[in-house]
Every structure is written in structure tokens, then in C-alpha cells.
Amino acid sequence: MSWIGVCNTEQVQEDFPWGGEVAGKEIGVYLVDGEYYALEDICPHAYALLSQGFVEDGKVECPLHEAVFDLKTGQCLHGPGGRSLQRYPLRIDGNQIQIAFIEESVS
């Protein structure tokens with residue numbers, strides 16, 4: 001497992017998550033009740049960046065088809081999401097938010 005810096009804490013607000021590409025994957029970082037969470041940022045139903053969706057009450061709604069996901073767990077709560085989102089372990093180092101990627105072995 002390796003830690004990768006993705007953004008600073010100042011770049012993430014309760015209503016305005018951070019979204020970007022990290023190690024070839026689209027990642028969204030959210031702030032909920034003072035805690036940060038990192039999730040895959042592409043809606044599993046159709047290509048849409050969830051970090052550009054509607055964020056409220058610990059949930060994000062896909063901007064295209066109204067799938068709703070829990071930001072703490074990644075669970076699909078409603079709509080055509082089809083599956084839960086992948087969560088990434090996260091830590092804060094100073095003011096930098098880092099996420100962990102588990103390196104996959106090639107066989």
C-alpha cells in the first residue's frame with residue numbers, strides 16, 4: 001500500500017468536494033461532519049463526475065441520473081447507481097490529504 005497526496009484540506013468544503021485524477025483514477029474527496037472521505041468519482045451507472053453532483057446531508061447525487069451515494073460508506077442509496085462506490089483509505093499529513101492505493105500484483 002502506498003500513500004499519495006491528492007489535495008490540501010483547504011480545497012475541500014462540506015458543499016464543495018475536491019475531484020481529480022490520482023494515479024490514473026478519478027477520485028472525489030468529501031468533508032462530512034469534520035471528517036474527510038475519498039471515493040471513486042465516476043458514477044457506476046454512466047460516466048459522470050460525482051464530485052460535480054449535489055452534496056447534502058452526507059450524500060452525493062449524481063448530476064446525470066439522480067443516483068444517490070452515502071459519502072461515509074460509498075453505498076448506493078437510491079437510483080440507477082447499480083453498486084456501491086469504492087472507498088479509499090485516507091489520512092491527513094499536515095494540511096495535505098493523502099489516500100492509499102493497494103498495489104495490485106501482476107501474475
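Modeller: Before we start, accessible areas here come from the Shrake-Rupley method with a 1.4 Å probe, and for residues only the protein chains shown count as cover. This is a predicted model, where local features need pLDDT of at least 70, side-chain atom pairs count only at pLDDT 80 or more, and totals for chains, interfaces and linings use all residues. Residues are numbered from 1 along each chain as its sequence is written, and side-chain values use heavy atoms, with hydrogens and water left out.

Colleague: Okay, what share of the exposed area do carbon and sulfur atoms supply?

Modeller: The chain exposes about 6100 Å². Of that, carbon and sulfur atoms supply 45%.

Colleague: And how many disulfides are there?

Modeller: A disulfide is a pair of cysteine sulfur atoms within 2.5 Å. For Cys43, the closest cysteine sulfur sits in Cys62 at 3.8 Å, so that is too far for a bond. By this rule the count is zero.

Colleague: Is Cys43 buried or exposed?

Modeller: Buried means under 20% relative accessible area, exposed means over 50%, and partly exposed is in between (1.4 Å probe, protein chains only). Cys43 has 3% relative accessibility, so the label is buried.

Colleague: What radius of gyration does the chain have?

Modeller: It's taken over C-alpha atoms, and the globule rule is 2.2 Å times the number of residues to the power 0.38. With 107 residues, a compact globule would come out near 13 Å, and the chain agrees at 13 Å.

Colleague: How many strands does the chain have?

Modeller: Strands (E, at least two residues) and helices (H or I, at least four) are DSSP runs, numbered from the N terminus. There are zero helices, and the strands come to eleven.
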